[in-house]
Amino acid sequence: MPPASPTSRTPLKRLANPGHSLRARGEPMLWLCGGALALCLLMVFGLLALVVVQGGSTFWPVPATQVKLLDGTLRLGEVTRDEPFSPSREQFDALPPEVRTIAQQRVPSNGLSSRRLLRTGNFDITGEHFHWVPTFLESEVTTPEWALVIERQTWGRFYGFPVALLEDGKPVTNDTAEILRKFAEAHAPARARWHEAEAIRKQGIGGLSDEEDEARLHARALELDKEHYEEGLRRSNRSESATRALAKATQAHGEAVAAYLALSKVCAEKRLGFEAKIRELETENARHVLLLRTVDGTEKSLPLAEIVRAYAPNRLSFTESLGIYWDRWHEFLTADPRESNTEGGVWPAIFGTILMTLLMSLLVVPFGVLAALYMREYAKAGFLISAVRVAVNNLAGVPSIVFGVFGLGFFCYIFGGSIDALFYPERLPSPTFGKGALVWASLTLALLTLPVVIVSTEEALAAVPGSMREGSYACGASKWQTIRRIVLPRAMPGIMTGLILAMARGAGEVAPLMLVGAVKLAPELPLDGTAPFLHPSRSFMHLGFHIYDLGFQSQNSEAAKPMVFTTTLLLIGVITALNVFAIWLRSRLRRRFVGAQF
Amino acid sequence: MASFTGQVRARKTSRLVAWSDLCARTAITFGGIATIVAVGTVCLFLLWVVLPLLGGGSAAEAKTMALPGTKGAILCLAEDPYRHLAWLLDEQGNAVAFGTQRGEEIARATLYAPEEVSCVMRHEGELLLGRKDGSIQFCTVDLSSDFLSEADAPAAVANLEVGTTQIVGDALYERTPERQLRRQQLRVARQEMVALAEGSKSSVEHVDFASASNGRVIAAVTADGTLHLKLSSTRYDLMADREIVTLQGAQIPLAQLEPTITTRPDFVQLLGAGENLLLVWQDGRTLRIDTRDIDSPHLVETLDLLPGNDRVTALATLLGKSTLLVGDERGDVHSWFSVRTAGATTQDGKVMVHARSFPTASPSAVVSIEASSRSRLFTVGQADGTIRVFHGTSERLVASTNLLARGELLHAVLSPKEDGLIAVSTEGVQTWALQPGHPEVTLRSVFRPVWYEGYAAPEHTWQSTGGTDDFEPKFGLWSLIFGTLKATFYCLMFGVPLALLAAVYTSEFLHARTRARIKPAIELMASLPSVVLGFLAALVFAPIVERSLMTVLVAVLTLPAVLLLAAQFWQMAPPWLRNTAEKLRLPGALITVPIGLLLAFTIAPGLERLFFAGDLKGWLAIGTRERAATDAGSAFGGWWFAAIPFTGLLAAIAVGRLGGFLQGRWAGMQRLGLGMALCLALATGAALLFTAIGWDLRGTVVGTYDQRNSLVVGFVMGFAVIPIIYTIAEDALSSVPEHLRAASLGAGATPWQTAVRIIFPTALSGIFSGVMIGLGRAVGETMIVLMAAGNTPIVDFNVFNGFRTLSANIATELPEAVRDSSHYRMLYLSALCLFAMTFVLNTFAEVVRQRFRKRAYQL
């Protein structure tokens, strides 16, 4: 409907009362409506822009700023943000008298000054990650050329100046430029050795413990068997067969125990070998040390292997900055988190989110389609089916946390508990399936998104014209043939729409996951190289939960904030990617079938 | 028969096709029904978990046995946690342990000689003996358990099967489910005797003690009418290799406390950690003595526990020693505790109040009241053998039973795990298996205010965990439901107008091509995960709003004002320009909105200085007392701001009705000016009036500012529900049949008139269902409130403080709740409430939408 109406073309002067005409046009209300729409649009795009800008700029290297305070204290760090504030009287009173006068003179008459938050790092030395620097206390602000930013494996960032590069405790060079050059040469091999040692620790030694554990649990299972037969023997009053069964079980148990003991001996030997290798790597790494000086003169030596990344931010060219930016993104997307999730990467969370969403989709589509097919094609239309339809529709509006509560009580405790009692008695009392797990999270979310899939599939089935079904029947096709060859293909785009909606909802849900399996830090991915490859009983990390955890459970929330923004950007990215993929799939399917329409 | 093509065709359906058809039918029917049933299970499962909350407890009689050999009255009775053994103490000083299956005695120890001790008090597993020579002595008697290795065990129990017990010698052995061997024995330990006071040889008549942080507070009344109040401290003497107990404190003659006292009290009871001492006479007369300063106790309150002529026959305290239970000779039990009230005239500002009564059906005297050591349960034993188990806070009668054994009931005690009950009469012992259920939860205690001990008045409180052992969990769901409703209210206040106005504009005044781009953009909001919105709310918006609260509030006023102004300018443009530039209105609004925000930013500091002395948050924080004193505390500014939206509406109506006299090119401007002037004048008038009356907005809907508050949550949650309401409302508006629109326009109505009088009413039910579904979403939203609402469960209408919703509460507490505990089931009840609320809302919306659809078809 074009908005230009016949009325508006009527010349105004022909109206008896132009004032009323103005009111009839309702222009003020129209503007309020337009304003509401504009506000909504501004909010959406403002929010997206905020996330993109904040999240996208996290990894860009910021110059290191050195601030000299009035009392001579030096601070070196990255400026995180500036904000206006009004200093309190106590703040001035705490200053020494000569500084106080200068500071008070510098504060404008309205009492509003500003301060900047400096990320000063060096937590192991100062016990602080950040420092507030009020503008009225600054005496000199510089960007020293050779200031170094060092991201460490532990203790967060280090800000300081290079002093020397040591090899076996002897300085290789004292020239600053030379130090950085030599550092760049020696760093990569040191890190490679570090990674190798980590890999041995994780796969080698970790694998040995897994193997041992497996054997121990096997022995324990046989011991339980044995006890079971002992019980049986007592019950059956020492019957012949029970005695034989017990003897067999006892023998099996004895063998398993022997195997376990033998294995642990072998493992202990292997472990010694691994440990020797690790020691060798670490001895080599201990030879290379970077000697640094903090801005207040404290010297600190850092082994090269402990340094994740080091650069002199004030000397970076644009391309070098871009390189670091890219490198940090790469680390973020592919590495494990460190420093209680505030640094490093989010690879396990990305992996967990996608795997969980895919598993959920695998579960939800068949069941949703079955239910919809039944309701639309097989069940007799009547009051009952329409009541069921309303109920299913309503379930789409039931809060997600309710599904989480159901998942925890039913899937984890009851279902998982029964599985543990039946199949994993040797692991009790520590639960295997009777706790939050990937499979329960996927099932819970599948249940949560089931109504969405049912509703949209049903709509898609209803939209297939009856003439096509009748045509198919007239050609002699059976009901199932009609559904399979005629109805389902045409309804496919609609089913896909349902799946898209389900995935978008499922990937972004966090509340139920908090109850049924998402954890702060999962030591192992739920999908890996050890049989049976997919481990549905493992907990997993999730991007949404990661955001919650980083923003609200983190010790160092100020340092976590940029990471939260980046993770948010990533989560929105993942959800958009899932959506775009599904939309692309739908349009492909639609194109395939659009030609087949009558 | 040959067909035209010459090929022979089968006339029968091939077996494969028929088979697959049957299989598909079965699979789909089965799978479909199973899926639907599975979805329906959610509700049933929640119900299944919740239902035991409402069921009562029960006591099933297990065993009756003869009394093991004792002499005289039974002073104490206690059972072991595993319910195999019990011990009792008779008047002669014999502690006798016996099996509770057959009643056989297994061990016996003599605690004291009968002629030495005059009274015994038992509390938290310790016995305090008051002796005739004026001294006291602490003892412990318990059934200790330890685990034995197979080698140390006697041969008789080597082949004991799992779950069975055997008595060997003076110990009971049990094979636990973990196949360990557990031994239980009677163990008696005595501490040093200590004289209450130097030279005092008067017999101790009543004694009580309580554990304080720095020792044990002991109160005793001796036969010479002296009250001894002592703090005992124990230290270990290395030289003598024994513990030395020292007492320090005061002793005062009772008459010195209160001159009217002539007799000695019948009960002595310490409260709390020894902060108060009650001296109770049989007629109910009670003195409450402040004993916080152990050296100078003083009388703070005199009261009558039993108005009327009834006599007190039993006295006890609930776990935590804060609630006093008084049993009378007619069988009723009353609970009392002290509360701090504003109007108290006592020295310590507290008064003892009569909180609850536990009436009886059988009028015989209460002989025993025994409190549980793990919750607020207690047993009441009456002289006629009636034994009842009550919960002290919820008043629920958990179980009621009768003594079958002969003789007169002496004691009825709960077992340590509350899974059993044991009673002793003058002739025998009887045990019951008890299932207390969830006695602390009743429908009343969940949805009505509950008077918890120490609280000044009944309150809605949710407090599921506490730091101490005697903490009482408080499950008042109303504070959480209130939080949920509060969040929903503010969310809809922001979201509904915005979404509906935007939907009307999109469906009626936007070009189809623009609409096709804008609608998905708003729907994009729906796919933003709520955890993202919650994080932005808490870490980005909340600090911004905190820093510039005034700007945010002013923007609520300036945005419409600026838009109205823009509309007036627009009206003044010549008609030809307006008609050709119709498309420019939205871009115009897009520019105007930031201008409005900028305006708010500019004028906010000035307004803040003008109305709130430059500090809005300070103004909000000023309490009732300071208000009158300071100028900044004037209520005027608050009223003025609160009045503006209402007077603005009034002014708009007034100008619309009466503004016809304004004509010509500038009429719109003049009207706007008039309207704004009227609005401001009315607001000032109203504010002056209310201030003069002495009303103040603070303490009602506004109050002290918290960083995480309803305003921020309302804003961000509004953001979350806007796309849902917008989409459904827009669909409803767009699906109004085109001929209605055409007819209205053809009859000469303007597009605005068409939209408001034809389209909007027709689509109303669809729009309504959109709002309902938005409401449902707001009710169950979890992450935003979890992160941005502060999570304090309080019932307060203040916009500027936080709250805790049902959903956030579940998310924070369920992972820690012990499975199948009352707490766990209460959280399931919260989930069930959420389920019910949203289900009802959605069904309602669905029904309305169906009606709308039918009506739209009819048109």
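Trainee: How many positive and negative side chains does chain A have, and how far apart are the centres of the two sets?
Mentor: There are 62 positive and 58 negative ones, with the two centres 11 Å apart. Keep in mind that this is a predicted model.

Trainee: What makes a side chain count as positive or negative here?
Mentor: Lys and Arg go in the positive set, Asp and Glu in the negative set, and His isn't counted. Chain B is tallied by that rule too: 72 positive and 75 negative charges, with mean positions 17 Å apart.

Trainee: Okay, shape next. Why is chain B called more spread out than a compact globule?
Mentor: Put its value beside the rule. For 859 residues the globule rule gives 29 Å, but the radius of gyration of chain B is 38 Å, so chain B is more spread out than a compact globule. The C-alpha trace of chain B spans about 115 × 105 × 55 Å along its principal axes.

Trainee: And how does the radius of gyration of chain A sit against a compact globule?
Mentor: Chain A has 33 Å, where a compact globule of 598 residues would have a value near 25 Å. Its C-alpha trace covers about 115 × 95 × 50 Å along the principal axes.

Trainee: What secondary structure does chain A come to, and what about chain B?
Mentor: Chain A comes to 18 helices and 13 strands. Chain B comes to 19 helices and 32 strands.

Trainee: How do you know which share of each chain is buried?
Mentor: Each residue is held against a cut-off: under 20% relative accessible area is buried. By that test, 48% of the 598 residues of chain A are buried, and 53% of the 859 residues in chain B.

Trainee: Which residue gives a good example near that cut-off, and why is Asn791(B) called buried or exposed?
Mentor: Take Asn791(B) itself: its relative accessibility is 17%, which is under 20%, so Asn791(B) counts as buried. You'll find Asn791(B) in the loop between α17 (783-788) and α18 (806-813) of chain B. Its phi is near 60 degrees, a positive value in a residue other than glycine.

Trainee: What makes Trp155(A) buried, partly exposed or exposed?
Mentor: Trp155(A) has a relative accessible area of 46%. Exposed needs over 50% and buried needs under 20%, so Trp155(A) is partly exposed. Trp155(A) lies in the loop between β6 (148-152) and β7 (157-167) of chain A, and its phi is positive as well, near 70 degrees.

Trainee: How do you know whether helix α17 of chain A is mostly covered or uncovered?
Mentor: Count along residues 543-552: 9 of the 10 are buried, so mostly covered is the right label. Among the buried ones are Phe545(A), Ile547(A) and Leu550(A).

Trainee: What makes a set of residues a nonpolar core?
Mentor: The members are buried Ala, Val, Leu, Ile, Met, Phe, Trp, Tyr or Cys residues, joined through side-chain atoms within 4.5 Å. The largest nonpolar core has 236 residues, and those touching the most other members include Leu37(A), Leu477(B) and Met826(B). A second, separate core has 20 residues, including Ile106(B) and Leu143(B).

Trainee: Which residues is Leu477(B) in contact with, leaving aside neighbours within four places in sequence?
Mentor: Among them are Val446(B), Phe447(B), Trp462(B), Leu806(B) and Met826(B).

Terms used: Residues numbered from 1 in each chain as written. Chains lettered and ligands numbered in written order. Predicted model: local features only at pLDDT ≥ 70, side-chain atom pairs only at ≥ 80, totals over all residues. Heavy atoms only, no water. Helix = DSSP H or I, 4+ residues; strand = E, 2+ residues; numbered from the N terminus. Rg over C-alpha atoms; globule rule 2.2 N^0.38 Å. Buried < 20%, exposed > 50% of the residue type's maximum accessible area, 1.4 Å probe, protein only. Charge placed at Lys NZ, Arg CZ, Asp CG, Glu CD. Contact = heavy atoms within 4.5 Å.
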